[in-house]
Amino acid sequence: MVFIQTPPELGNQYDDDRVLRSYLARTLPAEVLADVTASLAAMGELAGGELYRMQLADRGNEPVLTQWDAWGNRIDRIEVSPLWREAERIAAGQGLVATAYERRHGVFSRVHQFALVYLFTPSTDLYNCPLAMTDGAACALVASGNKALIERAVPHLTARDPRQFWTSGQWMTEATGGSDVGLSQTVARQENGQWRLYGRKWFTSAIASQMALTLARPEGNPPGGKGLALFYLETRNPHGRPNHILVNRLKDKLGTRKVPTAELTLDGTLAELVYGAGDGVKNIAPMLNITRTWNSVSACALMRRGLALARDFAARRIAFGAPLIEKPLHVDTLAGLQAEFEGALHFTFFVVELLGRSEAQQISPEQADLLRLLTPIAKLTTGKQVVAVLSEVIESFGGAGYVEDTGLPLLLRDAHVLPIWEGTTNVLSLDALRALQAIGGLAVLKRELGFILQGVREPDLVKISARVEQTAGQAETWLGQATQAGEAQVEAGARRFALTLGRAMALALLARHAQWALDHERDPRTLAAARRFAAAGINLIADMNAGDARLLARDDYSRAGLILSATKALNSAAGSALL
Ligand SMILES: Cc1cc2nc3c(=O)[nH]c(=O)nc-3n(C[C@H](O)[C@H](O)[C@H](O)COP(=O)(O)OP(=O)(O)OC[C@H]3O[C@@H](n4cnc5c(N)ncnc54)[C@H](O)[C@@H]3O)c2cc1C
């Protein structure tokens with residue numbers, strides 16, 4: 001008989017998710033948990049069932065751009081895949097954006113919303129991308145106080161009726177730079193009392209959206225980020241024709257292939273100022289804080305999906321006389337991945353809790369500082385974790401993980417965007433340094449770590465707590481010494497520093513939850529995750545020399561040679577026998 005391997009399967013993705021359910025049980029008041037459970041269970045059923053099957057069937061479909069109609073009219077229509085059309089309908093109906101704005105559960109509304117998002121995301125091939133920008137746009141418009149735009153757009157962005165629902169783009173990146181957006185070349189001119197935009201946007205995802213927030217430089221404004229202004233635009237006019245926007249082409253990307261990401265020319269696009277005629281980078285910040293949080297949640301969601309599939313497969317796949325799930329080394333491999341995922345989830349949802357408090361105006365000044373600092377740190381930490389975890393997930397399937405129609409390679413390709421968009425790892429590490437400067441250093445974080453860890457009693461967790469606090473102290477010492485050594489030394493170490501803070505925070509939150517799970521659920525699994533996470537290392541700070549880094553990264557032999565001969569000359573002049 002020919003052997004045929006049974007493929008991995010998914011169950012109800014809420015019922016099966018011990019980590020999410022345990023987190024919610026600790027965090028939400030009983031009445032809130034009771035109220036949200038049905039919606040989460042329904043989303044879990046959809047995500048592990050009908051939507052997952054649809055995702056597998058939709059694998060070969062991609063968005064299609066039609067630039068011209070049969071009669072020679074430029075139409076630039078984008079048709080998204082059937083999965084995405086269904087995802088939009090579900091997203092509106094289940095309130096994936098609306099839940100945050102209806103605020104039925106006060107400070108916990110964001111936890112409810114993002115738990116839904118987390119369950120929904122992995123079965124939709126990153127439909128979370130347009131939703132993140134939609135949520136971000138609603139947030140930025142509300143923060144702007146622009147009454148007319150709020151009344152015009154926010155009811156659509158937060159609608160539950162799919163016929164009323166709008167998504168939004170976030171058009172920042174130009175060919176000159178996504179990180180250094182201050183270089184943006186798009187100009188805004190006032191013509192007959194209306195603003196019109198002229199320029200080229202280089203990466204614009206979810207281009208099928210009804211509106212976008214974008215940056216442009218009003219004529220006469222100074223260069224740099226301060227001279228840019230934040231604009232609102234609708235992508236089509238009331239007759240359904242493009243708003244002087246040409247879609248030049250869709251990007252051919254490594255992953256996120258369901259996401260229509262376009263290069264655009266704005267050729268007199270009608271737009272409205274959102275708030276003031278400058279400071280656009282500052283004014284779009286509320287949007288970025290939201291999209292970065294969606295990014296962290298998506299990272300957790302993709303890790304969880306990879307692990308759910310890998311675990312199920314390990315129970316089905318027989319090697320050397322037993323299922324893989326009984327092989328100590330395979331089990332050890334999966335355990336390390338699970339620990340990373342659990343740390344990421346607790347860290348991400350801690351940031352989500354702070355965001356919910358902030359929006360419900362029940363946040364202390366210290367918590368607001370933490371939210372500012374931890375939003376970029378969570379995004380960059382989880383962005384690195386998801387790529388590493390999914391790379392291992394692929395390997396855990398052996399050759400099947402490398403084969404397209406298993407649906408597995410897609411997970412890794414999609415994950416790989418998470419450290420790039422919404423701010424790369426380096427850019428966010430530098431942002432975390434700016435945040436620290438604004439909030440006066442690490443004192444707030446250290447106090448919070450102490451608070452998080454204060455109830456820990458289990459001996460291993462007490463040791464872990466000491467390690468976390470020691471690491472925070474070492475990070476603070478490094479920052480002080482690097483600052484003394486100069487800006488180049490601080491910048492060079494910024495990524496290691498930010499990841500150290502991120503991993504320390506994740507471990508502290510794991511330890512707190514582990515103690516709670518032991519006390520309330522008699523469940524030692526979070527304790528096991530905390531031990532594993534700690535063993536993988538949290539302190540990435542190393543005494544590295546920025547000058548050495550320059551030599552290695554540039555690999556500039558002639559420069560290195562020059563330095564070496566200069567050193568030799570110096571040494572021989574001094575009679576040194578060293579060289
Ligand atoms: C699939 C996809 C969809 C996207 N969708 C959108 C969208 O809808 N809207 C939008 O506005 N943008 C979008 N982007 C663009 C994305 O946000 C940018 O690619 C990203 O911000 C990086 O900008 P860049 O590509 O210009 O790279 P650069 O800014 O040129 O960066 C290149 C490298 O340099 C590093 N770097 C930059 N500055 C520094 C520094 N000071 N110190 C140390 N290292 C540094 C970066 O970390 C990076 O590794 C999308 C990108 C992708 C891949």
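**Notebook: strand S9 and the ligand shell**

I began at arginine 196, which stands opposite leucine 270 in S9, and I kept in mind throughout that this is a predicted model.

From that pair I went to the strands themselves, and I found that S5 (residues 194-204) and S9 (residues 262-273) run antiparallel and are joined by eight bridges. I then looked up what else pairs with S9: strand S8 (residues 245-250) runs antiparallel to S9 with five bridges between them, and here I noted threonine 265 of S9 as the bridge partner of leucine 246. Strand S7 (residues 229-234) also pairs with S9 in the antiparallel sense, over two bridges, and in this region I found tyrosine 232 opposite glutamate 272 of S9.

Next I turned to the ligand, where I listed 22 residues around it, with Gln170, Thr173, Gly178, Ser179 and Thr424 coming nearest. I looked up polar contacts one by one: a backbone N or O atom of glutamine 170 lies 2.7 Å from a nitrogen atom of the ligand, and a polar side-chain atom of threonine 173 lies 2.7 Å from a ligand nitrogen atom. For threonine 424, I found a polar side-chain atom 2.5 Å from an oxygen atom of the ligand. Taken alone the ligand exposes 970 Å², of which the protein buries 65%.

Finally I asked which elements supply the shell, and I found that S3 (168-171), S5 and helix H14 (425-439) each give at least two residues, with H14 giving the most, three. By residue class, I recorded the shell as nine nonpolar, eleven polar and two charged residues.

How values were computed: Residues are numbered from 1 along each chain as its sequence is written. This is a predicted model: local features need pLDDT of at least 70, side-chain atom pairs count only at pLDDT 80 or more; totals for chains, interfaces and linings use all residues. Side-chain values use heavy atoms; hydrogens and water are left out. Two strands pair if DSSP finds at least two bridges between them. Helices (H or I, at least four residues) and strands (E, at least two) are DSSP runs, numbered from the N terminus. A residue is near a molecule or strand if one of its heavy atoms lies within 4 Å of it. A polar contact is a pair of N or O atoms within 3.5 Å; within protein, one must be able to donate a hydrogen and the other to accept it, and residues adjacent in sequence count only if both atoms are side-chain atoms. Accessible areas come from the Shrake-Rupley method with a 1.4 Å probe; for residues, only the protein chains shown count as cover. Ala, Val, Leu, Ile, Met, Phe, Trp, Tyr, Cys and Pro count as nonpolar, Asp, Glu, Lys and Arg as charged, and the others, Gly among them, as polar.
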